[in-house]
Amino acid sequence: MSSTLTAPHPASPVLTAVPVAITRGDGIGPEIMSATLRVLAAAGARIDTREVRMGEAVYLGGHTSGLAPDAWDVLRSTGVLLKAPITTPQGGGYKSLNVTLRKSLGLYANVRPCRAYAPYVTTHHPAMDLVIIRENEEDLYAGIEHRQTREVIQCLKLITRDGCEKIVRYAFEYARQHNRRKVTALSKDNIMKLTDGLFHRVFDEIRTEYPELEAEHQIIDIGTARVATRPELYDVIVTLNLYGDILSDVAAEVAGSVGLAGSANIGAKFAMFEAIHGSAPDIAGQNIANPSGLLQSAVLMLEYLGQPDIASTISNAWLKTLEDGLHTRDIASEQTRQVLGTQEFADAVIERLGQFPVHLKPTPTPREAAEPPKMRPRAPITKQLVGTDVFFEWFEGERDPEALAAVLQSAQLEHLPLLMMTNRGVKVWPQGIPETFKSDHWRCRFLSDGSITHADVLALLSNLNQTGLDFIKTEHLYTFDGVPGYTLGQGQ
């Protein structure tokens, strides 16, 4: 299996059976897993499945993570998981199984192909054929939140250079391997100039290493609107965690059916493949669920495992099944010749192994991945402490910034003066306007003309403590090679 950061599967095909962990899941999970495994076996997939226990029964057995104690041993021994949908019990105290797996196993890339299958599956966008590659570990999903004052709660958005580089490289490698033509990065760096700005800068650096591919950057809001209305403009999209989570569901819905979409979660040493739909307990055991999402996930798994020939064989047989009008109930339309059950649909795919669609675009065999480029070496950086932002909870009187500033200036250091104050990110001193709404959460910036020491910051905080004000946190202000590592306020 892949041991690199960017290649979805090894450069050499795998000729022996590869151990793969599977979990049959909850609700419709056991049915669609059975159907999927039968198709894989008939196609000659070289895998050796190992059952792993996770899901609702494990949750209810007292394991809040949803994983049986022996699950980690099975996962470590295989490095690959094919996962049917899981039911998380209602009520508090139960952790998200997906979040646990993604973070614990370093699954940094979420890959979601979104393709229309018109006219055999109803859609308003028959030319849609794009792939969303979402960063999977960082961003607001780090889950670091604090209630800081009576009125204000914060959530930290954490973006790392390595995280940006891994996901951007993966997107370009994916595009190259799958004969795609363009990679589009989506971010909101017009507002979040440092965090999203880092993602954009890394994208611009790496795009130069792939001259055969078109590359562009768009703001996430207009990009999402265009995916919903003109998805044919896009090929491979790479974006940050929260944006990708929202955008991938938008794209799956636009394509025609969430039930047809598979996904991959790729890490340096592990990979997980799953359908994006839920466990649908209301139709469990009725043999009417569509196994296509899990089957498409298994196709992605075979590509990852170095078996792209078998992956494309299954994919083309599945396309031919749709084209022949053999559908499950959820996608039945005027194009449907026969509505099939879960297992009967799998039988129809098996009967068409080796066939190709006539009207739908066939799935090509991805070319073997080139040896991925190594991460860029980091040049030495000069880092200087130049000031600090001190945050206060303060709600006295009319919340007049001039009154707070007067107290702060009485405690400032000569070489570390109060420069400005903001409230919810809006400058309120000096030269604020009275109409600005003010909460009880104040950011107060003390900035020097040159470098300072941590002892200077401690001295300032000691002075501030004598005022009786409640300072709730500080953020040091640094320059990196002379460039401010913090957003500038008005007048700076």
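Start by selecting aspartate 221 in this predicted model. Its relative accessibility is 43%, so aspartate 221 counts as partly exposed. Now add lysine 188 to the selection: these two residues form a salt bridge, and their closest N and O atoms are 2.8 Å apart. Color the surroundings and you will see that the pair links distant parts of the chain. Aspartate 221 sits in helix H7 (residues 220–229), while lysine 188 lies in the loop between strand E8 (182–187) and helix H6 (195–207), 33 residues apart. Is lysine 188 buried or exposed? With a relative accessibility of 18%, lysine 188 counts as buried, because the cut-off for buried is under 20%.

Next, select glutamate 475 and lysine 473. Here you will find another salt bridge, with the closest N and O atoms 3.0 Å apart. Glutamate 475 is partly exposed, at a relative accessible area of 36%, whereas lysine 473 is buried, at 16%.

While you are selecting, pick Asp162, Glu165, Arg169, Glu209 and Arg378 together. What joins these residues into one network? Salt bridges that share partners do.

Now move to helix H3 (residues 71–78) and show the side chains of arginine 76 and aspartate 73, which both lie in this helix. They are 3 residues apart, about one turn of the helix, and their side chains meet in a salt bridge at 3.6 Å, N to O. Arginine 76 and aspartate 73 are both exposed.

To finish, zoom out to the whole model. How many salt bridges are there by the rule used here? The count comes to 33, so you have plenty left to look for if you count a side-chain nitrogen of Lys or Arg within 4 Å of a carboxyl oxygen of Asp or Glu.

Note on methods
Residues are numbered from 1 along each chain as its sequence is written. This is a predicted model: local features need pLDDT of at least 70, side-chain atom pairs count only at pLDDT 80 or more; totals for chains, interfaces and linings use all residues. Side-chain values use heavy atoms; hydrogens and water are left out. Helices (H or I, at least four residues) and strands (E, at least two) are DSSP runs, numbered from the N terminus. Buried means under 20% relative accessible area, exposed over 50%, partly exposed in between (1.4 Å probe, protein chains only).
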